[in-house]
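Please find below my notes on this entry, set out as numbered points. They begin with one acidic residue and then widen to the fold, the core and the cysteines.

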Amino acid sequence: TRRISHNLMPLSLSNRSLEKALENYCQENSTDKLKIHFANNGEPISEISQTDQLIIFRAIQELIQNVQKHTASAICHVQISSDPSHYIFSVEDEGTFFNKDQIENNSALKTSENRIESIGGFMEFDTENNRGSLICIYLKK
């Protein structure tokens with residue numbers, strides 16, 4: 001029950017920052033089968049509303065769960081960075097790749113993509129055989 005309630009609204013997100021919530025999530029879900037590495041290479045993202053932070057957190061959570069379930073990757077990289085106009089959140093794996101049909105037919109990914117679009121962001125999917133997947137979320141500053 002405790003884990004379910006924390007997943008509904010992670011304490012680290014309500015008490016701290018999106019960066020800390022993502023870092024904690026990555027640490028808690030890293031296993032011997034899948035090592036999840038987190039890096040924050042950007043500036044603090046405190047200007048994003050709590051609601052938008054939760055949408056981003058949920059989208060990244062879904063992307064990590066897809067890596068856990070659907071790829072043969074042993075490593076997943078989650079990174080926060082920025083450019084002059086966007087915050088960039090990326091999830092990268094070295095496993096089997098998603099093809100376009102899998103992305104289009106995955107209702108959870110489509111829901112995440114729609115939610116990101118509802119807050120003014122967009123998602124990019126870069127997948128290639130024998131190279132894994134890189135999925136980025138861009139959110140305007």
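1. Leaving out residues up to four places away in sequence, Glu19 touches Phe38, Asn40, Glu43, Pro44, Ile45 and Ile80. The residue belongs to helix α3, and readers should keep in mind that the model is a predicted one. Glu19 is buried but forms no salt bridge, the nearest side chain of opposite charge being that of Lys20, 10 Å away.

2. As for the overall architecture, the protein contains 6 helices and 5 strands, which follow one another from the N terminus in the order α-α-α-β-α-β-β-α-α-β-β. Of its 141 residues, 41% are buried. Among contacts with a separation of 6 or more, 67% join residues that are 24 or more positions apart.

3. The largest nonpolar core has 30 residues, and within this set Ile56, Ile60 and Phe89 touch the most other members. At least two core residues come from each of α3 (18-29), α4 (50-70), β2 (75-82), β3 (86-93), α6 (107-118) and β5 (132-140), with α4 giving the most, namely 8 residues. In soluble globular proteins, nonpolar side chains tend to be buried together.

4. Phe89 deserves a closer look. When neighbours within four places in sequence are set aside, its contacts are Leu18, Leu22, Ile45, Ile48, Ile56, Ile60, Gln79, Ile80, Ile135, Cys136 and Ile137. Two of these partners, Ile45 and Ile80, are also touched by Glu19.

5. What does the geometry of α4 show when its end C-alpha atoms are compared with the expected span? At 1.5 Å a residue, the 21 residues of this helix should span 30 Å, and the end C-alpha atoms are indeed 30 Å apart, so the two values agree. The buried residues of α4 include nonpolar ones such as Ile55, Ile56, Phe57, Ala59, Ile60, Leu63, Ile64 and Val67, but also Gln53, Gln61, Glu62 and Asn66.

6. Finally, the cysteines: the structure holds 0 disulfides. For Cys26, the closest cysteine sulfur is that of Cys76, at 6.8 Å, and this is too far for a bond because a disulfide requires sulfur atoms within 2.5 Å. Cys26 is buried, with a relative accessible area of 1%, and Cys136, one of the contacts of Phe89, likewise counts as buried, at 10% relative accessibility.

Methods
Residues are numbered from 1 along each chain as its sequence is written. This is a predicted model: local features need pLDDT of at least 70, side-chain atom pairs count only at pLDDT 80 or more; totals for chains, interfaces and linings use all residues. Side-chain values use heavy atoms; hydrogens and water are left out. A nonpolar core is a set of buried Ala, Val, Leu, Ile, Met, Phe, Trp, Tyr and Cys residues joined through side-chain atoms within 4.5 Å. Buried means under 20% relative accessible area, exposed over 50%, partly exposed in between (1.4 Å probe, protein chains only). Helices (H or I, at least four residues) and strands (E, at least two) are DSSP runs, numbered from the N terminus. Contact means heavy atoms within 4.5 Å. The expected span of a helix is 1.5 Å times one less than its number of residues. Lys and Arg count as positive and Asp and Glu as negative; His and the chain ends are not counted. A salt bridge is a side-chain nitrogen of Lys or Arg within 4 Å of a carboxyl oxygen of Asp or Glu.
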